[in-house]
Amino acid sequence: MKKFFLEYNLKVRLPLIIFVIALTFTITYFVSYAERNSIGYSPSQPIKYSHKLHAGDMKIDCKYCHTGVEKSRTAGIPSVDICMNCHAIARKDKPEIQKLTDYYENNKPLEWNRIHRLPDFVYFSHAAHVGKGIDCSNCHGDIAKMETAGQVHSFTMGACLNCHRNPETQISNFANLQKTTNIKKGPEYCGACHR
């Protein structure tokens with residue numbers, strides 16, 4: 001009798017376990033696939049912000065607003081305080097700046113809609129790349145010409161490996177960087193990005 005219940009449990013539970021595992025992997029794949037391959041994704045933001053005006057026309061360096069880019073994994077999303085460094089004085093009569101001022105005066109964080117996202121199991125350091133002199137536009141496109149920021153390149157494992165294996169064709173100023181920073185090809189071993 002004991003043998004019968006053991007065999008019965010295996011016949012019922014094993015297919016169920018395999019089905020749940022397969023379903024989990026399938027759902028995870030398709031949910032993360034949309035995030036990794038969302039070229040053209042450009043969500044509306046709570047405040048209309050023109051990268052073309054700020055980074056392009058006014059030539060404000062990316063590092064001024066994205067303060068973590070040189071010392072952290074993440075570039076950081078600008079806080080209202082950074083915006084108000086200029087907009088406490090500049091263009092205060094504009095409706096979008098008035099909305100920004102309202103966030104600032106009420107001490108409310110401005111929740112920007114995220115554009116670029118990597119899966120949680122991927123380690124990427126902005127500081128490592130920017131520290132080597134790799135320009136932001138290599139991954140994020142020519143932000144200085146974008147009215148509204150959006151994803152222009154794929155952030156798949158294949159795209160990253162292509163850049164690590166062939167930086168001379170992927171990084172716009174690679175030849176120059178080799179002379180000035182002694183930059184080499186990026187690592188290809190799994191532990192470099194999967195930790």
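In this predicted model, the largest nonpolar core is made up of 7 residues, namely Ile47, Val80, Cys83, Met84, Leu100, Tyr103 and Leu110. Two elements, H4 and H5, each give two or more residues to this core, and the greatest share comes from H4, which provides 3 residues.

The contribution of H5 can be followed along the helix itself, which spans residues 95–105 and in which Ile97, Leu100, Thr101 and Tyr103 are buried. These four residues lie on the same side of H5, because they cover an arc of only 155° around the axis. In general, an α-helix has 3.6 residues a turn, so residues three or four places apart point the same way. On the other side of H5, by contrast, Pro95 and Glu105 are exposed. The partner of the buried residues of H5 is helix H4 (80–87), against which they pack. Just beyond the end of H5, Asn107 adopts a positive phi of about 55°.

Leu100, one of the buried residues of H5 and also a member of the largest nonpolar core, illustrates how these parts meet. When neighbours within four places in sequence are left aside, Leu100 is in contact with Ile47, Val80, Cys83, Met84 and Leu110, and also with His87.

The cysteines were considered next. A search of the whole structure finds 0 disulfides. Cys83 accordingly takes part in no disulfide, and the nearest cysteine sulfur, which belongs to Cys65, is 6.5 Å away, whereas a disulfide requires the two sulfur atoms to be within 2.5 Å. Cys83 counts as buried because its relative accessible area is 16%, which falls under the 20% limit. Cys190 is likewise in no disulfide, the nearest cysteine sulfur being that of Cys193 at 9.0 Å. In its surroundings, however, Cys190 is unlike Cys83, for Cys190 is exposed, with a relative accessible area of 59%, while Cys83 is buried.

A further buried position is found in helix H7, which comprises residues 137–140 and contains Asn138. With a relative accessible area of 15%, Asn138 is buried, since a value under 20% meets the criterion for burial. Once its neighbours within four places in sequence are set aside, Asn138 is in contact with His153 and with Gln170, Ile171, Ser172 and Asn173.

Key: Residues numbered from 1 in each chain as written. Predicted model: local features only at pLDDT ≥ 70, side-chain atom pairs only at ≥ 80, totals over all residues. Heavy atoms only, no water. Buried < 20%, exposed > 50% of the residue type's maximum accessible area, 1.4 Å probe, protein only. Arc of directions from axis to C-beta. Contact = heavy atoms within 4.5 Å. Core = buried A, V, L, I, M, F, W, Y, C linked by side-chain atoms within 4.5 Å.
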